[in-house]
Amino acid sequence: MSNAERLTFVVPGDDPPQLQGSAHADRLAPHGDLVMHTDRPASYEEKIERVSNADIIINTRGAIDWPGEALRALPKLRMITTCSIGTDMIDLAAASELGIVVSNQPGRTAPSVAEHMFGLMFAVAKRAAYQTAELKAGRWGRVINIYLQGKTLGIIGTGNVGAEIARLANAFGMNVIAWTFNPSDERGRRLGVEYVELDELLSRSDVVSLNVASSDETRGMIGQRELGLMKEEAILVNGARGDIVDTDALVSALNAGGLAGAAVDVFDVEPISPDNPLLTCDQVVLTPHMADMTPEGIEALNEGAVDNILAYLSGAPQNVVAS
């Protein structure tokens, strides 16, 4: 490839750091020049300016979105690869219309995400955040913990992450039930889960784990009615997307004693706004959308993003969700 044919790869906002400093980025050097922006663009106009010369965007942070308007302003753009499973930050229909290939990374960090959410479940059940805050405030109190072995875990969405959570829960000795859009007896046997209807899952479960992608079908699927079906001593775990759950309804349920607690890694607006009512709840454990942020998870995503680009350049694109 001559210098005139060299491509331009752009990371529009690597904040918090993801790809910067990774050896995987060096694998792109034979094919083109990498432009790395280590802070987030301050405006829509700055975002477009940063990628105006890009042949390929490496979208390392989901907070940077690509609606149709933005994609149409980038006539040179050929491809977007994400450092994520989710693609809700990209208008896939517009990308397909424009012939822009979009590749994601399904399942690549499922073990890291599942382990994180499993850990948050324990943190809520054992009141870890609440008791830590109480001790720091000089109070030595007692709140009853929740014993999890032998309890029922209900998994909503049995894709890669949901399947890994099922594996961990079965190994730990929980009873696992599940709901998904397309259940089958064969998959249920393979995962060690019993597929049930959504309302039954909500009413039977001691812990409900959300693991579905954000879509027209899933946005707002857990609202006041659904939370009302859950046991008062149940825990809600959301590692999916913030818009799957009605936040106000969840806060109301927590404050009224309708749930024992909640573990949340994803929010309606990210970064979380200071006035988000979840921040006022005692029995919650919150993390800033970081379920796959381990050294192993970060490098797996960096490797996958570059693998997607090299596959595209070889003429055999992979993990394609739009083209």
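Here are some questions and answers about how labels get assigned in this predicted model.

Q: Why is Ala249 called buried?
A: Buried means under 20% relative accessible area. Ala249 comes in at 13%, so it counts as buried. You'll find Ala249 in helix α10 (residues 247-255).

Q: What makes Asp268 partly exposed?
A: Partly exposed is the range between the buried cut-off of under 20% and the exposed cut-off of over 50%. Asp268 has 45% relative accessibility, so it lands in that range. Asp268 sits in the loop between β11 (261-264) and β12 (284-286), and it gathers with Asp246, Asp248 and Glu270 in a surface patch of negative charge.

Q: Why is the contact between Asp307 and Arg27 called a salt bridge?
A: The rule asks for a side-chain nitrogen of Lys or Arg within 4 Å of a carboxyl oxygen of Asp or Glu. Here the N to O distance is 2.5 Å, so the pair qualifies.

Q: What does the salt bridge between Asp307 and Arg27 tie together?
A: Asp307 belongs to helix α11 (residues 295-313) and Arg27 to the loop between β1 and β2 (32-36), so the bridge links parts that are 280 residues apart in sequence. As for exposure, Asp307 has a relative accessible area of 23% and is partly exposed; Arg27, at 28%, counts as partly exposed too.

Q: How do you know whether Lys47 and Asp65, which form a salt bridge, are buried or exposed?
A: Set each one against the cut-offs. Lys47 has a relative accessible area of 6%, and under 20% means buried, so Lys47 is buried. Asp65 has 36%, so it is partly exposed. Their side chains meet at 3.0 Å, N to O.

Q: Why does Asp216 count as exposed?
A: Exposed means over 50%, and Asp216 has 70% relative accessibility, so it gets that label. Its salt-bridge partner is Arg219, at 2.3 Å, N to O. Arg219 has 39% and therefore counts as partly exposed.

Q: How do you know that β3 pairs with β1 and β4?
A: Two strands pair if at least two bridges are found between them. Strand β1 (residues 7-11) is joined to β3 by 2 bridges, and β3 to strand β4 (residues 79-82) by 4, so both cases satisfy the rule. Both pairings run parallel. Val10 has Ile57 as its bridge partner in β3, while Asn59 stands opposite Thr82 in β4.

Q: What makes β8 (194-195) and β12 edge strands?
A: In the open sheet of 7 strands, the order is β8-β7-β6-β9-β10-β11-β12. Each of β8 and β12 pairs on one side only.

Key: Residues are numbered from 1 along each chain as its sequence is written. This is a predicted model: local features need pLDDT of at least 70, side-chain atom pairs count only at pLDDT 80 or more; totals for chains, interfaces and linings use all residues. Side-chain values use heavy atoms; hydrogens and water are left out. Patches are made of residues with over 30% relative accessible area and no salt bridge: like charges are joined within 9 Å, nonpolar side chains (Val, Leu, Ile, Met, Phe, Trp, Tyr) within 5 Å. Accessible areas come from the Shrake-Rupley method with a 1.4 Å probe; for residues, only the protein chains shown count as cover. Lys and Arg count as positive and Asp and Glu as negative; His and the chain ends are not counted. The place of a charge is taken as NZ of Lys, CZ of Arg, CG of Asp or CD of Glu. Buried means under 20% relative accessible area, exposed over 50%, partly exposed in between (1.4 Å probe, protein chains only).
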